[in-house]
Amino acid sequence: MKKWWIVTSQTYMRQVKSWSFFFLVLMPFIFLGIGVGIGYLGTNSSTNHDKIAMVSSDQKLRQQYIKQNKDDINGKYQTEASAKKALKHKDISGYILIKSDAKQVSANYYGDQNLSNEVKTNLQLFLGQIQQSNNLQNAQLSPAQATSLATNFSLKEHVKKQKSDDSTIRQISFWILVGMVYMILSNYSSITAQEIASEKGTKIMEIIFSSTSAVKYFVGKISGVMLVILTQIAVYIIGGGVALEVAKKIDLTKDFMRDNSHLVNGVIDNLFNVNLLFLFLGVVIYTILSALSGALVAKAEDAPKAAQPAIMLSMLAFFATFPFVADPDVMVVKVLSYVPFFSSYFMPIRVINETAGPVEVVISLVILIATILLSSYYIGKMYKGLMLQTDDRGFFKALKTGLSYGRL
């Protein structure tokens, strides 16, 4: 057990300390940050000119309007002269001049483009409120009459909640999930194959195999990579949760998050369930295949092409899901949802679309886990013979020789 843990920990630490792992984990957040930054700069670059100024001899009235419409108003300019100068220099798109006396409130707009419908509506509502207040004062109504006139209408919204199987939620969940599976396993297939192939035929392997069994060493290697995968997934979960909370609060995205909360919550529910386990196990089984491929190459220099079998198979499984996104209940999907190397793509389709029951999900998981355990043990048995074999026999002859080692 101690030797297994030494191999596991050394493999884990070597991977997480590498720059490739660092950039692999941070890359989605870097792209997300760049996207948000560009959006923020793009918004701010046009904000000053798009905003309008509000000026009035009645500063209390002016401040009241700016407070209610701070997203649309540039409050820097307080006088008509400064607003005219700013408009001339294209610092603002226009300005509103409000005048008010005991009888009437009026507003005049001056600018180089029309008021937007939103700004015009807000301005009309504000002027209507001020004018109504003036009218009530001029009418000298009794408190009871004033209260009666102030009675407002009632508006209630009764929205029937959409079901969790909404087609948009299903499709977004599907593409995020299969995209994550494909991206992560493609990276770790290459990493694992090169990790194994780089040790091919070295003297150190003879020393290692003299002190521990090949099965224990191979399982230790796979366990180390599994811990690296879990670390990356954990970072994505924590980072994604933080990003989600930030998106709910910043001005650039909070309106979208509020208006589409049902969509966002539905996608999150589809990701953080048994599908996350299928994602992890899918990456693990392809990692084991990549390790076998790395052990089959003739020498360490062949490491770059060692991952190709696993990557090609994952591409086949990935693209095979496309025709069934909108039709997850066909027989092909049902069969492939139990087949190792394919179930990590196809069973989540059924889970997302609620076409697979708990018993079917458990059976698929049992088959996948059993395949991982048995293949790890079997490949471990032939691992020593493959790693110490340095003659270039070709991939299939090397595989045939490896299978003979596994029977010993």
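This passage describes the secondary structure, packing and selected residues of a predicted model.

The chain contains 17 helices and 4 strands. Of its 408 residues, 38% are buried, and among contacts with a separation of 6 or more, 73% join residues that lie 24 or more positions apart in the sequence.

The strands form an open sheet of 4 members in the order E2-E1-E3-E4, in which the pairing is mixed. Its edges are strand E2 (73-74) and strand E4 (105-111), each of which pairs on one side only. Strand E3 (residues 94-100) is joined to E4 by 7 bridges in the antiparallel sense, and these two strands make up a hairpin with 4 residues between them. Within this pairing Ile96 is placed opposite Tyr109 of E4, while Leu97 is placed opposite Asn108 of E4. In a regular strand the side chains alternate between the two faces of the sheet.

Two helices are packed across the sheet. Helix H3 (residues 59-68) lies across strand E1 (52-56), E2, E3 and E4, and its direction makes an angle of about 155° with that of E1. Helix H5 (residues 117-139) lies across E1, E3 and E4, and runs at about 10° to E3.

The largest nonpolar core comprises 64 residues, of which Tyr188, Ile229, Tyr345, Phe346 and Tyr383 touch the most other members. Helix H12 supplies the largest share of this core, namely 13 residues. A second, separate core consists of 15 residues, including Leu61, Tyr65, Ile66 and Phe126. Returning to Ile229, and leaving aside its neighbours within four places in sequence, this residue is in contact with Ile184, Tyr188, Phe280, Val283 and Thr287.

Helix H13 (residues 308-320) was examined for its length and for the placement of its buried residues. With a rise of 1.5 Å a residue, the 13 residues of H13 should span 18 Å, and the end C-alpha atoms are indeed 18 Å apart, so the expected and computed values agree. The buried residues of H13 are Ala310, Ile311, Ser314, Ala317 and Phe318. Because these residues cover an arc of only 125° around the axis, they are on the same side of H13. The partners against which the buried residues of H13 pack are helix H7 (167-197), helix H12 (274-296) and helix H15 (343-352).

Two further residues were considered within helices. Ser223 belongs to helix H9 (residues 214-247), and, because its relative accessible area is 13%, under the 20% limit, Ser223 is buried. When its neighbours within four places in sequence are set aside, Ser223 is in contact with Trp4 and Thr8. Asn270 is located in helix H11 (residues 261-271) and is likewise buried, with a relative accessible area of 11%. Outside its neighbours within four places in sequence, Asn270 is in contact with Ile169, Ser173, Asn275 and Ile352. The C-alpha atoms of Asn270 and Pro348 are 8.9 Å apart, although the two residues are separated by 78 residues in sequence.

The backbone conformation of two loop residues also deserves mention. Most residues other than glycine have a negative phi, and most peptide bonds are trans. Phe341, which is not a glycine, has a positive phi near 80°; Phe341 is situated in the loop between helix H14 (331-336) and H15. With a relative accessible area of 21%, Phe341 is partly exposed, since residues count as buried under 20% and as exposed over 50%. Glu354, also a residue other than glycine, has a positive phi near 60°, and is found in the loop between H15 and helix H16 (358-387). The relative accessibility of Glu354 is 54%, so Glu354 counts as exposed.

Definitions and conventions:
Residues are numbered from 1 along each chain as its sequence is written. This is a predicted model: local features need pLDDT of at least 70, side-chain atom pairs count only at pLDDT 80 or more; totals for chains, interfaces and linings use all residues. Side-chain values use heavy atoms; hydrogens and water are left out. The expected span of a helix is 1.5 Å times one less than its number of residues. Buried means under 20% relative accessible area, exposed over 50%, partly exposed in between (1.4 Å probe, protein chains only). The arc is that of the directions from the helix axis to the C-beta atoms. Contact means heavy atoms within 4.5 Å. A nonpolar core is a set of buried Ala, Val, Leu, Ile, Met, Phe, Trp, Tyr and Cys residues joined through side-chain atoms within 4.5 Å. Two strands pair if DSSP finds at least two bridges between them. Axes are lines fitted to C-alpha atoms, for helices over the stretch in contact, and angles run from 0 to 180 degrees between N-to-C directions.
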